[in-house]
Amino acid sequence: MTKPLPYIALLLILITDNVVHAAEKITLIHSVPQLTSLFAFGSSIPIEMGFWKEEGLDVEALPAPGGAAAAVQLVIGGRATAAIANPSSEMIAVQKGSTIKFYYSAQRGDIFGIGLPEGSGLNSLQDLKGKTIGVTSFASGGTIYAKGLLSEAGLTEKDYTLAEIGVGARAAAALKSNQVQALSMYDEAYAQLAQAGLAMSKIIRDPRAKNYISGSIIVQNEEFANRQAMLTGLARGIAKGQAFQEANPEAAVRIHWKVYPNTAPRGGVTQEEVDKAVEVNRASTKLIVRNALGTGRFGDMPRERMEDFQHYLVTTGVIPKEVGVDAYYTEDLIGKINDFDAAAVASLAKSYVAK
């Protein structure tokens, strides 16, 4: 008959077991001022559905009011494990000597455009000469995008003025008061303004930006070299969140407002408010789907497309020169990240009942 283990031995086994199985704590920064339900796939859904927990991770997803540049600096400074940000900010930093890279792109496609409001009498980019254009922030991708597109249209920076007006109610007020006459924002912001009765008659996009990418996971090179299992799990949880959000956008909104109650409507969560949020998010849903680039995989960015994206950034003056794109990114983990049953996640989403 086996003798029972002494109490102290049992205690040591329990402590050791807890250490081995303790979830790894990760700080993930999103380069947006507020984590709206559009970004549920990379925040609330993996938390609520346990996708990150399955990977042995305890992820804290937070916004970065300073935009992509601020989020990238948090990674460079070691104050965040990873950031989901516009790669153009990462590429600028790399050309200045920073040792960071991105390895997964959650949002693939052009989200930006210059909006001409209905009833403004504006019909072309040339009509913006002498006008003030509102941007969410001077550090935003929309600001960079506007300068490049207006330059292509023959306007110099002396021909127009840019004004920082934020998003939502603040942006609407600036437009209503004629503080700005046009906008350079992103799909979600335009959809929110349309719901507030401020629709655009035209949103002009840059044809050179067809291979634009935005929400990509950026990490230090050293982190990528030494913590690939963790980074794979982090991105796989996001990929599952993308599959879930596409399959059940209403559940995505409800989950997000449950996990981040400060982002929910002040008047309470009603079906009308949920429907409005779903409509806003629909403008960008096409960017997060598995087949956004026609490759049938989540998160990849084929080399030729990446080279075209870099060429666009050089052409528009965002970065000074073209270098080998391997300096910016890697696809080494894409196969492992996509190693899950997306159909099962979609089925889970469709059967989800909000609690």
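Which residue stands opposite Val135 in strand 8? The residue opposite Val135 is Ser184 of strand 8. The structure is a predicted model. This briefing treats its two open sheets, the helices that lie on them, three helix pairs and the salt bridges. One sheet of 5 strands has the order 2-1-3-10-4, and another sheet of 5 strands has the order 7-6-8-5-9.

**Sheet with the order 2-1-3-10-4**

- This sheet is open, and the pairing of its 5 strands is mixed.
- Its edges are formed by strand 2 (57-63) and strand 4 (100-105), each of which pairs on one side only.
- From one strand to the next, the twist averages 30°.
- Strand 1 (residues 24-30) pairs with strand 3 (residues 82-85) in the parallel sense, over 3 bridges.
- Within this pairing, Ile29 has Ala83 of strand 3 as its bridge partner.
- Helix 5 (residues 87-95) lies across strand 3, strand 4 and strand 10 (216-220), and runs at about 160° to strand 4.
- Helix 10 also packs on the sheet, where it touches strand 1, strand 2, strand 3, strand 4 and strand 10. The direction of helix 10 makes about 35° with that of strand 4.

**Sheet with the order 7-6-8-5-9**

- This second sheet is likewise open, with mixed pairing among its 5 strands.
- Strand 7 (161-164) and strand 9 (200-204) stand at the edges; each has a single partner strand, so one side of each is left without a neighbour in the sheet.
- The twist averages 30° from one strand to the next.
- Strand 6 (residues 132-135) and strand 8 (residues 182-186) run parallel and are joined by 3 bridges. Val135 stands opposite Ser184 in strand 8.
- Helix 6 (residues 141-152) lies across strand 5 (112-117), strand 6, strand 7, strand 8 and strand 9. The direction of helix 6 is at about 75° to strand 5.

**Helix 10 with helix 15**

- The axes of helix 10 (residues 228-247) and helix 15 (residues 342-350) come within 8 Å and cross at roughly 45°. Helix 10 is therefore oblique to helix 15.
- The two helices, 10 and 15, make a right-handed crossing.
- On the helix 10 side, the contact involves Lys240, Ala243, Phe244 and Ala247. These residues meet Ala342, Val345, Ala346, Leu348, Ala349 and Lys350 in helix 15.
- By class, this contact has 8 nonpolar and 2 charged residues, with no polar residues.

**Helix 4 with helix 5**

- Helix 4 (residues 67-76) and helix 5 have axes that come within 8 Å and cross at roughly 50°. Helix 4 is therefore oblique to helix 5.
- The crossing of helix 4 with helix 5 is right-handed.
- Helix 4 contributes Ala68, Ala69, Val72 and Ile76 to the contact, while helix 5 contributes Ser89, Glu90 and Ala93.
- The classes represented in this contact are 5 nonpolar, 1 polar and 1 charged residues.

**Helix 8 with helix 12**

- Helix 8 (residues 187-195) packs against helix 12 (residues 271-285) at an angle of about 145°, and their axes are 8 Å apart.
- Helix 8 and helix 12 cross in the right-handed sense.
- Asp187, Glu188, Ala191, Gln192 and Gln195 are the helix 8 residues in the contact. Their counterparts in helix 12 are Lys276, Glu279, Val280, Asn281, Ala283 and Ser284.
- The contact residues of helix 8 and helix 12 comprise 3 nonpolar, 4 polar and 4 charged.

**Salt bridges**

- Side chains of opposite charge can pair when their charged atoms come close. The structure holds 18 salt bridges.
- One of these joins the side chains of Lys258 and Glu48, at 2.7 Å from N to O.
- This pair links distant parts of the chain, since Lys258 belongs to helix 11 (residues 249-259) and Glu48 to helix 2 (residues 44-48). The two residues are 210 residues apart.

Terms used
Residues numbered from 1 in each chain as written. Predicted model: local features only at pLDDT ≥ 70, side-chain atom pairs only at ≥ 80, totals over all residues. Heavy atoms only, no water. Axes fitted to C-alpha atoms, helices over the stretch in contact; angles between N-to-C directions. Helix = DSSP H or I, 4+ residues; strand = E, 2+ residues; numbered from the N terminus. Parallel < 35°, antiparallel > 145°, perpendicular 65-115°, else oblique. Left-handed = near helix turned anticlockwise from the far one by under 90°. Contact = heavy atoms within 4.5 Å. Nonpolar A, V, L, I, M, F, W, Y, C, P; charged D, E, K, R; others polar. Pairing = 2+ DSSP bridges. Salt bridge = Lys/Arg side-chain N within 4 Å of Asp/Glu carboxyl O.
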